[in-house]
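Please walk through this model with the sequence and the coordinates side by side. The account below moves from an open pocket to a single serine, then to two sets of strands and an enclosed cavity.

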Amino acid sequence: MALFDMVFEGGGAKGSAFVGALEVLGAKGHKHRRLIGTSAGAITATLVAAGYTPQELRQAVTERLPSGKPRFSAFMDPPAEADFTPDQRKNSETRQLLGQVNVPGPFDTTVHEAILDGLLKIPQYRQLFSFVECGGFFAGNKFLEWLREKLAAKGIPPNTTLQAFAQKKQADLSLVVSDTSDVEMLVLNHRTAPACPVEWAVRMSMSIPFVWREVVWQKEWGKYRGRDKAGKLIVDGGVLSNFPIRLIAETDDHIKEIMGPTDPQGAGNLGLLIDEDLPVPGAVNQDKPPELKDQIRTVQRVSRLVDTMSKANDNAAIQKHAKDICRVPAKGYGTTEFDMEKTRLDALVEGGRKAMTAFLAGKGL
């Protein structure tokens with residue numbers, strides 16, 4: 001049996017491949033010590049830290065809605081009218097533009113409010129409003145509901161802090177996010193942000209810019225490494241580091257402050273990297289007509305842009321620690337392909353199984 005510090009890469013829907021890899025790892029009797037993840041990797045790392053077995057993870061990723069569609073497809077949820085605060089409406093670009101309209105005769109601001117209220121009753125306009133005012137087309141509320149449900153099933157109630165989570169589960173969990181206000185990467189754990197709720201740390205980490213709404217750090221979430229973050233805008237950790245293997249594979253004073261004084265020799269390093277260049281054995285092409293959300297070119301472009309930026313930032317560490325990386329295949333799969341057919345999902349999970357089997361064999365484990 002081997003003990004690993006594990007890092008999970010971000011990759012949206014492609015992260016389902018981790019399930020297969022973890023099934024093999026668990027079947028071999030190998031254990032984890034520290035867990036760190038970004039975006040989809042943050043979701044996986046959190047559920048593993050909460051106590052989910054590989055078999056339970058498989059059940060979670062294959063869950064279906066009453067309609068028969070994958071439950072993950074609900075994560076691309078358009079915002080509701082109630083999702084926008086009075087201040088967001090009042091200070092919005094739409095209100096500013098309406099104020100510049102030169103209409104003859106009596107015309108007060110209540111008319112502007114009525115026009116905006118009318119526009120926000122249109123679902124497509126709400127998405128555009130959310131994109132402009134909140135940084136993303138989709139609300140992310142359904143994801144939060146799902147995550148809270150999964151955590152509650154393991155005895156973790158809503159708004160459990162990272163500190164309380166670490167104490168209850170005896171888990172060393174770290175999640176990577178990007179602070180676009182202060183232009184820095186944040187690594188959230190019980191040392192750096194003890195008062196931050198677990199579900200919001202994950203929600204911030206998976207917030208792909210322009211896809212899901214950015215998250216505003218709340219005052220009650222406390223400070224980050226002693227610094228106030230209230231009001232700061234937080235998005236997907238993949239913008240700055242999609243595969244933070246350096247945080248478990250290397251050590252210096254900065255890393256020790258974030259990750260703790262854990263003996264780096266006390267466990268092996270294992271990185272699960274989603275490789276879009278490796279074909280998935282047995283995968284069939286997505287041949288059904290794309291839905292509206294899949295046709296939003298901005299979403300597709302931003303996903304590719306985030307992938308490019310993050311891989312460029314992590315490339316040196318990936319090359320340096322290549323021997324500790326299990327590459328799971330994901331060629332042809334989309335970051336936002338949350339409604340993939342069962343056959344495609346099964347192939348992706350099986351690809352993860354085969355990748356981990358080969359990796360462990362190469363290590364003699």
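In this predicted model, the largest pocket has a volume of about 380 Å³. Its lining is made up of 18 residues, and those that lie nearest the centre of the pocket are Trp-200, Arg-213, Glu-214, Val-215 and Val-216. The elements that contribute two or more residues to this lining are helix H8 (141–152), helix H10 (198–205) and strand S7 (215–216), and it is H8 that gives the most, with 4 residues. Divided by class, the lining of the largest pocket holds 8 nonpolar, 4 polar and 6 charged residues.

Arg-213, one of the residues nearest the centre of that pocket, also leads to the next site, since Ser-130 counts Arg-213 among its contacts. Ser-130 is located in helix H7, which covers residues 123–134. Is Ser-130 buried or exposed? With a relative accessible area of 0%, which lies under the 20% cut-off, Ser-130 is buried. The side chain of this serine reaches the backbone oxygen of Gly-136 at a distance of 2.6 Å. When its neighbours within four places in sequence are left aside, the residues in contact with Ser-130 are Pro-79, Phe-84, Gly-135, Gly-136, Phe-137 and Arg-213, so that Gly-136 appears both in this set and as the residue whose backbone oxygen is reached by the serine side chain.

From the helix we turn to the strands. Strand S11 (residues 268–275) has 7 of its 8 residues buried, and it is therefore largely enclosed by the rest of the structure. Which strands pair with S11? One is strand S1 (residues 3–8), which pairs with S11 in the parallel sense over 5 bridges; within this pairing, Met-6 has Leu-270 of S11 as its bridge partner. Another is strand S12 (residues 325–329), which also pairs with S11 in the parallel sense, again over 5 bridges, and here Leu-272 stands opposite Cys-326 in S12.

An antiparallel arrangement is found for strand S4 (residues 172–179) and strand S5 (residues 184–188), which are joined by 5 bridges. In this pair, the bridge partner of Leu-175 is Leu-188 in S5. The two strands form a hairpin with 4 residues between them, and in the turn Val-183 has a positive phi of about 55°. S5 itself is mostly covered, as 4 of its 5 residues are buried.

The last stop is the enclosed space inside the model. A search of the whole structure finds 4 cavities of 30 Å³ or more, and the largest cavity has a volume of about 250 Å³. This largest cavity is lined by 20 residues, of which Gly-12, Ala-40, Ile-43, Thr-44 and Phe-72 lie nearest its centre. Two elements, helix H2 (40–50) and helix H3 (54–61), give two or more residues to the lining, and H2 gives the most, with 4 residues. What is the class composition of the lining of the largest cavity? It has 15 nonpolar and 5 polar residues and no charged ones, whereas the lining of the largest pocket includes 6 charged residues.

Terms used. Residues are numbered from 1 along each chain as its sequence is written. This is a predicted model: local features need pLDDT of at least 70, side-chain atom pairs count only at pLDDT 80 or more; totals for chains, interfaces and linings use all residues. Side-chain values use heavy atoms; hydrogens and water are left out. Buried means under 20% relative accessible area, exposed over 50%, partly exposed in between (1.4 Å probe, protein chains only). A polar contact is a pair of N or O atoms within 3.5 Å; within protein, one must be able to donate a hydrogen and the other to accept it, and residues adjacent in sequence count only if both atoms are side-chain atoms. Contact means heavy atoms within 4.5 Å. Two strands pair if DSSP finds at least two bridges between them. On a 1 Å grid over the protein atoms alone, a cavity is a set of points where a 1.4 Å probe fits but cannot get out, and a pocket is an open set with protein on both sides within 12 Å along at least five of seven lines; lining residues have an atom within 4 Å of a point. Grid points are joined across faces, edges and corners, and a volume is the space filled by probe spheres set on the points. Ala, Val, Leu, Ile, Met, Phe, Trp, Tyr, Cys and Pro count as nonpolar, Asp, Glu, Lys and Arg as charged, and the others, Gly among them, as polar.
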